[in-house]
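Dear colleague,

Here is the structure I promised to hand over, with the sequence alongside. Please read the notes below with both open in front of you.

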Amino acid sequence: MKQYLLSVHGTQGDVMPALDVMQKMFGDVEKVNQDLRDKGAWVFACGLTDPSDATVVRVEHGQVMTTDGPFVETKEQLGGFWVIKTENLDEALTWAEKATAACRAPVEVRPLQDEPAS
């Protein structure tokens, strides 16, 4: 089976949904999570805190540097993700359709790199 990343994207400055809408979204996402578990496609999933909570660690001129905030200056940010296992891309895209409907945000689908042969 192949593993895929389903990443959920949000846009900086978007208005947060009302509490009742958020609760419905959380419930819908949990239904997708349970369906993934039931079908054996679940590997891992989580939501992320605000990009302003990020710390970036990099090496510049041989020195380790840490800075606040997201690495990329962009309006679109990663809000959460699933790692799933499926037979093929088509099956992963079917899960992404359910995910985007549940979380009400765009979902990008990318295959994980294969492990090198031993």
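A salt bridge here is a side-chain nitrogen of Lys or Arg within 4 Å of a carboxyl oxygen of Asp or Glu. Please bear in mind throughout that this is a predicted model, and that the values that follow are to be read with that in view.

By this rule the count comes to eight salt bridges, and I begin with those that involve Asp35. Asp35 forms a salt bridge with Lys39, in which the closest N and O atoms are 2.7 Å apart. Lys39 lies in the loop between H1 and strand E2 (42–47), and counts as exposed because its relative accessible area is 57%, where the cut-off for exposed is over 50%. Asp35 also forms a salt bridge with Lys98, the closest N and O atoms here being 3.2 Å apart. This second pair links distant parts of the chain, since Lys98 belongs to helix H2 and Asp35 to helix H1, with their positions 63 residues apart in sequence. Lys98 itself is partly exposed, at a relative accessible area of 35%. Salt bridges that share partners also join Lys24, Asp28 and Arg104 into one network.

Another of the salt bridges joins the side chains of Glu30 and Arg37, at 3.0 Å from N to O. Glu30 counts as partly exposed at 37% relative accessibility, and Arg37 counts as partly exposed at 36%. As general background, side chains of opposite charge can pair when their charged atoms come close.

Turning to the overall fold, the protein chain has two helices and six strands, which, read along the sequence, follow the pattern β-α-β-β-β-β-α-β. The C-alpha trace spans about 50 × 50 × 20 Å along its principal axes. Of the 118 residues in the chain, 27% are buried, and the accessible surface comes to about 8,300 Å², of which 55% belongs to carbon and sulfur atoms. Among contacts between residues at least 6 apart in sequence, 74% join residues at least 24 apart.

How do the two helices pack, and at what angle? Helix H1 (residues 19–38) and helix H2 (residues 89–103) pack at an angle of about 160 degrees, and their axes are 7 Å apart. Because angles over 145 degrees count as roughly antiparallel, H1 is roughly antiparallel to H2. On the H1 side the contact is made by Met25, Asp28, Val29, Val32, Asp35 and Leu36, and on the H2 side by Trp95, Lys98, Ala102 and Cys103.

Asp28, which lies in helix H1, deserves a separate word. Is Asp28 buried or exposed? At 14% relative accessibility Asp28 counts as buried, because the cut-off for buried is under 20%. Leaving aside neighbours within four places in sequence, Asp28 is in contact with Ala102 and Arg104. Arg104 lies in the loop between H2 and strand E6 (107–111), and counts as partly exposed at 41% relative accessibility.

Arg104 also has a backbone feature that you may wish to look at, in that its phi is near 55 degrees, a positive value in a residue other than glycine. His61 likewise has a phi near 55 degrees, again a positive value in a residue other than glycine. For context, most residues other than glycine have a negative phi. His61 lies in the loop between E3 and strand E4 (63–68), and counts as exposed at 82% relative accessibility.

On the surface, which residues make the nonpolar patch of about 310 Å²? The patch is made by Val57, Val59 and Val64. Val59 has its place in strand E3 (residues 55–60), and is exposed, with a relative accessible area of 60%.

Finally, two C-alpha to C-alpha separations may help with orientation in the model. Lys39 and Ser7 are 32 residues apart in sequence and 20 Å apart in space. Ser52, which is placed in the loop between E2 and E3 and counts as exposed at 52% relative accessibility, is 60 residues from Leu112 in sequence and 26 Å from Leu112 in space.

With best regards

Conventions
Residues numbered from 1 in each chain as written. Predicted model: local features only at pLDDT ≥ 70, side-chain atom pairs only at ≥ 80, totals over all residues. Heavy atoms only, no water. Patch = residues over 30% accessible without salt bridge, like charges linked within 9 Å, V, L, I, M, F, W, Y side chains within 5 Å. Areas by Shrake-Rupley, 256 points an atom, 1.4 Å probe, with all protein chains shown as cover. Helix = DSSP H or I, 4+ residues; strand = E, 2+ residues; numbered from the N terminus. Buried < 20%, exposed > 50% of the residue type's maximum accessible area, 1.4 Å probe, protein only. Axes fitted to C-alpha atoms, helices over the stretch in contact; angles between N-to-C directions. Parallel < 35°, antiparallel > 145°, perpendicular 65-115°, else oblique. Contact = heavy atoms within 4.5 Å.
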